[in-house]
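Good morning, colleagues. Please take a moment with the sequence and the model before I begin.

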Amino acid sequence: MEPSLKPNVWTRGFSRLCVGNLLFYAALYMLVPVLPFYVKERFGVSLTLAGVAVGIFSFAIFPGGPFNSYLADRYSRKNLYLFATVVVVAAMAGYLFTGTLTWVFLLRLLQGFFFGIAAAAGITLAIDVTHTSCRSRGNSFFTRAGRLGMLLGPVAGILLYKYYSLDAVIYGAIAAGSLGVIEMMRVNTLFRAPIGVAVCSLDRFILPRAILPALNVMFVSLFMGLLFSLFGIPGNREIIATHFMWIFSAMALGILVAITAERFLFGKERVTLQVVAGLISVLLSILILASWRQEPVLIGTSLILGAGLSLAASALLNICIGLSDHCQRSTANSTYVLAWESGIGIGLILGCYLIDRAGVEGVVCSSFITIFIALIYYCFITRRLYFSA
C-alpha cells in the first residue's frame, strides 16, 4: 500500500489569498506613518490630535464584530471579504479631497469599520481553503503575509512621500489594494449553506479564553504604533525618510529570517523560548538603535528587531489558537487581530503625544517599557494560562 501524500498548505487558492492579504495590508499601512505628519502640517493641529485622527481606525474595527458570525453565515464569505476590502480601498480616494480634519476622522472610522469585517471574513476564508491538517500552519502564514505587508507598505509610502507627495502615496495605496482585490477574486471557494446563527454573538469576534493572551499581543503591537509615530518627529525630512525606509525594509527581511528560525530552532514544545527570545531581541534592538545611528548598525539592528517581533507575534498567535476549540479557530484569530490593531492604534496616538511633549526620548523609553511589560506579562500570566489549559 502506497503511503498517502502529506497535504500541502500552499494550494493555489491559499497562495492567492496570502498575496491578496499582503497587498491589502501594504495598501492600508502605506499611509499610517506619513498621515499624522501630513495632517499636522495641512490643518495646523498638534501631532497628538493628528495621531488621534489616524489612530481612531483601530477602534472602529470593534462595532461590527458582534455581527461577524451572522454576516459570514448569511452571505458568501468570499463576497463579504471582497465587499469589505473594496470599501476600505475605495475610501482611500477620499483622502485626496480632505478639506477638514473631520473628513479625516470620518474616513478613518469608515475604513476601520469595514476592515474589521474584512479581517474576520478573511480569516474564515483562509481556513475554508486550507486542508484540515494544515490549518494551524495556514493561519500562521496568512497572518505573516499581513504582517509583511504592514512593513512593506510603509517603505513604499515613505518612498512615494519623499520623492512625490501624499497624493502619490494615496494612488499607490489604491493600486496595491486593487491588485490585492484582484488576487482575492481569483480564489475559488465551495458553497456553504447557511446554518442559521444569532444576529449578534461573540462567535468570530472575541474568544473569552484568549483575552489575557490578547492583552499580551496588544503590548507587543503597541511598540509598532510607537515606531510608526516616530516618522512625525521634527527634523530634516530627507534624512528621516531615508532612515525609516531602511528600518522598515530590514524589519520586513527580519520576518523572513524569523520564518526560518521558527522552522529549525523552535516548535510547539518551545513556545516560551520563542516568545522570550523574540522579546529580548526587541529590547536589545531598542537599546542599540537609541545609541547608534550609523546606517550599517541601523540596518542590522532593524533586521533583528523585525525577526524578534515576528517570533513573538507568531508564538502568541499560536497560543490564542491553542486555547480555542476546533470550531473556534476563526474566533481566536479574530481576537488576535483585534488586539494587534488596537495596540497599534494606542501606540500611534501615544507616540504622537509623546513627540509633542517629550520628544524622541519619550517614545524610545516608552517602547522599551512596553516590550519589557510584554515579556513580564508573558512569563507570569500568558505562559501559565497556556500550559495549564
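I shall speak about the nonpolar core, a buried glutamate, the salt bridges, some loop residues and the cysteines.

This is a predicted model, in which local features need pLDDT of at least 70 and side-chain atom pairs count only at pLDDT 80 or more, while totals for chains, interfaces and linings use all residues. Residues are numbered from 1 along each chain as its sequence is written, and side-chain values use heavy atoms, with hydrogens and water left out.

Let me start with the core. By nonpolar core I mean a set of buried Ala, Val, Leu, Ile, Met, Phe, Trp, Tyr and Cys residues joined through side-chain atoms within 4.5 Å. Buried stands for under 20% relative accessible area, exposed for over 50%, and partly exposed for what lies in between, with a 1.4 Å probe and protein chains only. The largest core has 123 residues, and the members touching the most others are Phe115, Phe228, Phe248, Met251 and Trp340. Helix H6, residues 101-128, supplies the largest share of this core, 14 residues. Helices here are DSSP runs of H or I, at least four residues, numbered from the N terminus. A second, separate core has five residues, among them Ala258 and Phe266.

Which residues does Phe115 touch, leaving out those up to four places away in sequence? With contact taken as heavy atoms within 4.5 Å, they are Phe24, Tyr25, Leu28, Phe57, Ile61, Val88, Val337 and Glu341.

That brings us to Glu341, which sits in helix H13, residues 329-357. Glu341 is buried yet has no salt bridge; the nearest side chain of opposite charge, Arg108, is 7.5 Å away. For that statement, Lys and Arg count as positive and Asp and Glu as negative, with His and the chain ends not counted. The contacts of Glu341, again not counting residues up to four places away in sequence, include Tyr29, Ser58 and Met150.

I turn now to the charged pairs. A salt bridge is a side-chain nitrogen of Lys or Arg within 4 Å of a carboxyl oxygen of Asp or Glu, and the structure holds seven. In one of them, Asp128 meets Arg77 at 2.7 Å, N to O. This pair links distant parts of the chain, 51 residues apart, with Asp128 in helix H6 and Arg77 in helix H5, residues 77-91. Asp128 is partly exposed at 22% relative accessible area, whereas Arg77 is buried at 18%. Glu238 and Lys162 form another salt bridge, at 3.7 Å, N to O. Glu238 lies in helix H10, residues 237-264, and Lys162 in helix H7, so the pair ties together parts 76 residues apart in sequence.

Two loop residues deserve mention. Thr130 is in the loop between H6 and helix H7 and is buried at 6% relative accessibility. A polar atom of the Thr130 side chain lies 2.5 Å from the backbone oxygen of Ala126. Arg204, in the loop between helices H8 and H9, has a positive phi of about 60° although it is not a glycine.

Finally, how many disulfides does a search of the whole structure find? Zero, a disulfide being a pair of cysteine sulfur atoms within 2.5 Å. For Cys365, the nearest cysteine sulfur, that of Cys352, is 17 Å away. Why is Cys379 without such a bond? The closest cysteine sulfur, in Cys320, is 16 Å from the sulfur of Cys379, too far for a bond.

Conventions: A polar contact is a pair of N or O atoms within 3.5 Å; within protein, one must be able to donate a hydrogen and the other to accept it, and residues adjacent in sequence count only if both atoms are side-chain atoms.
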